[in-house]
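Good morning, and thank you for making time for this presentation. Please keep the sequence and the model in view while I speak.

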Amino acid sequence: MSEAISAVDHDDHSHGPAKGITRWLFTTNHKDIGTLYLWFSFSMLLIGGVLALIVRAELFQPGLQFVSPDFFNQMTTNHGLIMVFGAIMPAFVGLANWLIPMQVGAPDMALPRMNNLSFWILPFAFGMLIATLFSEAGGLNFGWTFYAPLSTTYAPDSVTFFIFAVHLMGASSIMGSINIIATILNMRAPGMTLMKMPMFVWTWLITAYLLLAVMPVLAGLVTMMLFDIHFGTSFFNAAGGGDPLLFQHIFWFFGHPEVYIMILPAFGIVSHIIPAFARKRLFGYDSMVYAVASIAFLSFIVWAHHMFTVGMPLAGQLFFMYTTMLIAVPTGVKVFNWVSTMWRGSMTFETPMLFSIAFVVLFTIGGFSGLMLAITPADYQYHDTYFVVAHFHYVLVPGSLFSIMAAVYYWFPKWTGKMYSERLGKLHFWFSFVGVNVTFFPQHFSGLAGMPRRIPDYALQFADFNMVSSIGAFIFGFSQILFLFVLIHGIRNGKPAAARAWEGARGLEWTLPSPAPYHSFTHPPKVTDDEAHA
Amino acid sequence: MANAAEDSSVYYIPDSGWYPIALAVGLIITMMGLGSYLNAMSAGESNSLTQTVIGFGIVSVVLYCWFTKVIAENQQGLVNSTVKQSYVWGMGWFIFSEVMFFAAFFGALYYVRAFAVPWLGGDGAKSLTGDYLWPDFEAVWPVMNNPGAADFPGPEQNMVAPNISNWLSYLPFWNTVILLSSSVTVHWAHSAIKAQNRSKIIIWLGITVLLGIIFLGLQVEEYVIAYSQMGLTLGSGIYGSTFFLLTGFHGFHVTLGTVILFVQFIRSIKGHFSANDCFGFEAASWYWHFVDVVWVGLFIVVYVL
């Protein structure tokens, strides 16, 4: 371990960060850019969270309390867009920036200046997107899926700025993915063969390919919208020979891989944390890699399961039903492998482990409800109800978001050189865990009973479930303030952390001192068997 | 850092700099300007492109500075073979993302021809839409009479290829010939670089750029004819929509490719390329082959079939 540290000790390359604000504006350093991504994503989480709480406050009781229906629509729309594109995706890119160079034994990302560009596009793009809420013509109100013709014929003027914001964040994602692919394929330390790569690196490699394949499709889609709105084309207008359903097909061809873009890196994170706290090697590394690859492949041939009720030909419905159910196989492999990793491990339950175990359990619930939705005839009943809302929030909140929080706690000592307060961390976990279940579990029931999504008012029989759900949402929302406090408290008052902050942690990043030096590995480290396969 | 080129284990990390964030600022100024312009245009209000032009100016200047710096770094020997390999991966996967961008439009064309239009004409699972709303609509491709003819008057003529014996007087055929030849000439320029024959490099690259410009000129000619004589516009329903967006975005990419090749042309006059250090040229030529392949696909599914 100490050899690796001495190798990175000061040579001509280790000039530190610049002083002042220009450090952040002009930086080409993967750690600085990772930090920027993570704080950006956290601020988006809070903004998107406030919008969600407005929604839940309105739904606390039947009847219209606080907001008009149109404003309610703006809240759900912007909540979805901000959380998907502003909170979850940038958080994973931030983690990739921080971790991938350290985990593959590289000094930095492959294309550092482009790395800076892909980050700095985002604050501007989201500034423009959020500003539409305050525009005269009214904010975006067509749902995060922006189906035509709601987003074309009947859209407020602000849709033009939304389209350009999507173009910009798409460009940012594409550049980020290219950077990640080049880093992983080109900058691994000697001896780190593909099948010795850490799982987080594997999952991000595959995620980057998904992004490259579908973000341009999204760009093409919003471009067609732009032309329908401003130049008189008729892609999504049947009067001109087009078809609004064409919109949905292209959207979900992007949208379904997009769902996996938000969960594959989470799989990678959990595959690091569970072995570390079970003090065992990850069970079935190879099958984990093949499972991720299979899930990624399947994600391209299941998109129309979001559209079972639009009146597809029967053959289409059957095809998409079976392919969707097939995804349960590789996903099941992963869940079984995580459980087998814990089996007879010498387990401890620090905060990252708690979040990871909650991830496995709650993500599996979200997976099972997904399986229910995959059954076409049953989906006719569930479609566009709160059951769907419960399903995708179970995979996105205690799924993606919990994994991000687990990652932040797990690598916090490596990033800051300090330990967070375990007591406060656990408190944050339990508040979040309780809050998330109280919020989303009742939505299964209101959905099965027929409550439609995206409405500001509802029939009386749904009142109790909604009240419980709203209480949970406020618990969950405010416990993220605690998260912020735990982080700041750790940065300021935390005890110094050792290089290998967790005794069971494996991987090259733990051979570096804590905090990690400004440029990770100026000379490639030796990959020992002990640190590989982490 | 001076020894970077010899020591393959040291990766060149550029110092921090203002280009990226300036580019981001330029982009957002351009996009916001364009958004306001389009909204005002569609509302029939007065509008101006000033902000867009300023933003685009910033983007162009920054890109110029950025590429100049990267070229200078290479000439100083900072860029070793590992860094160059990153550029190779970067360009390769960028082209892949461009392929997927076109895939969205090709996919739309396929869906419309295979499903949407036949359904509107009363076929298959979704025949009711056609039966109830537009019982008179006849599903043929190209769609010359749109279902809602009041809002979307159909084109008077279309661009579909005539019988193969008449192709000599068919403009898209000549465009195909031009673009395919330009792929060959750019390849000959590459061979000339490998053979270190600078005058040949300049000649073949110059001819390639010229062919690109001729292609674009003929595309403009085709659009002028479509608008002025054939009644084929963006507003002529789904045929005009798919025709103009597919050929238009292809034309946009040809424009970009021509500019990139022109830069390589200038660089070859300056003697930048050697037999084993010519990635700028190679990246440009890959891009050119890519737009060429897209055109072949376009010619087949938009014009011929």
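The domain assignment divides chain B into two parts, with domain 1 covering residues 1–79 and domain 2 covering residues 80–304. I should state at once that this is a predicted model. The centres of domain 1 and domain 2 of chain B, taken over C-alpha atoms, lie 26 Å apart.

As for secondary structure, chain B contains eight helices and zero strands. Its pattern along the sequence therefore reads α-α-α-α-α-α-α-α, helices being taken as DSSP runs. Along the principal axes, the C-alpha atoms of chain B occupy a box of roughly 75 × 50 × 40 Å. Chain B has 305 residues, of which 37% count as buried. Among contacts in chain B with a separation of 6 or more, 68% are between residues 24 or more positions apart.

I turn now to the contact between the two chains. Chain B contributes 63 residues and chain A contributes 63 residues. On the side of chain B that touches chain A, the elements giving two or more residues are helix H1 (19–42), helix H3 (81–120) and helix H7 (238–269) of chain B. Which of them gives the most to that side? It is H3(B), with 22 residues. By class, the side of chain B that touches chain A comprises 40 nonpolar, 19 polar and four charged residues.

Let us move to chain A and its helix H7, residues 199–230. This helix of chain A has 32 residues and spans 46 Å from its first C-alpha to its last, close to the 46 Å expected at 1.5 Å a residue. Is H7(A) mostly covered or mostly open? H7(A) is mostly covered, since 28 of its 32 residues are buried, and buried here means 20 or more other C-beta atoms within 10 Å. Just after H7(A), A:Gly232 adopts a positive phi of about 75°.

Next, some backbone details. Most residues other than glycine have a negative phi, and most peptide bonds are trans. A:Arg279, although not a glycine, has a positive phi of about 55°. A:Arg279 sits in the loop between helix H9 (264–278) and helix H10 (285–298) of chain A. Why is A:Arg279 classed as partly exposed? The reason is that A:Arg279 has 14 other C-beta atoms within 10 Å, a count between the limits for exposed, 12 or fewer, and buried, 20 or more.

A:Arg454 is another residue other than glycine with a positive phi, in this case near 60°. A:Arg454 belongs to the loop between helix H16 (422–448) and H17 of chain A. A:Arg454 is partly exposed because 14 other C-beta atoms lie within 10 Å.

There are also cis peptide bonds to point out. One joins A:Ser514 and A:Pro515, with omega about -5°, and A:Pro515 lies in the segment after H17 of chain A. In chain B, a cis peptide bond joins B:Trp141 and B:Pro142, with omega about 0°. B:Pro142 is in the loop between helix H4 (127–133) and helix H5 (171–194) of chain B.

I close with A:Pro496, in the segment after helix H17 (463–493) of chain A. A:Pro496 is exposed because it has 12 other C-beta atoms within 10 Å, and exposed means 12 or fewer. Leaving aside neighbours within four places in sequence, A:Pro496 is in contact with A:Gly417 and A:Lys418. A:Leu326 is 170 residues from A:Pro496 in sequence and 47 Å from A:Pro496 in space, C-alpha to C-alpha.

Definitions and conventions: Residues numbered from 1 in each chain as written. Chains lettered and ligands numbered in written order. Predicted model: local features only at pLDDT ≥ 70, side-chain atom pairs only at ≥ 80, totals over all residues. Contact = placed C-beta atoms within 7 Å. Helix = DSSP H or I, 4+ residues; strand = E, 2+ residues; numbered from the N terminus. Nonpolar A, V, L, I, M, F, W, Y, C, P; charged D, E, K, R; others polar. Expected span 1.5 Å × (residues − 1). Domains from an automatic or database assignment.
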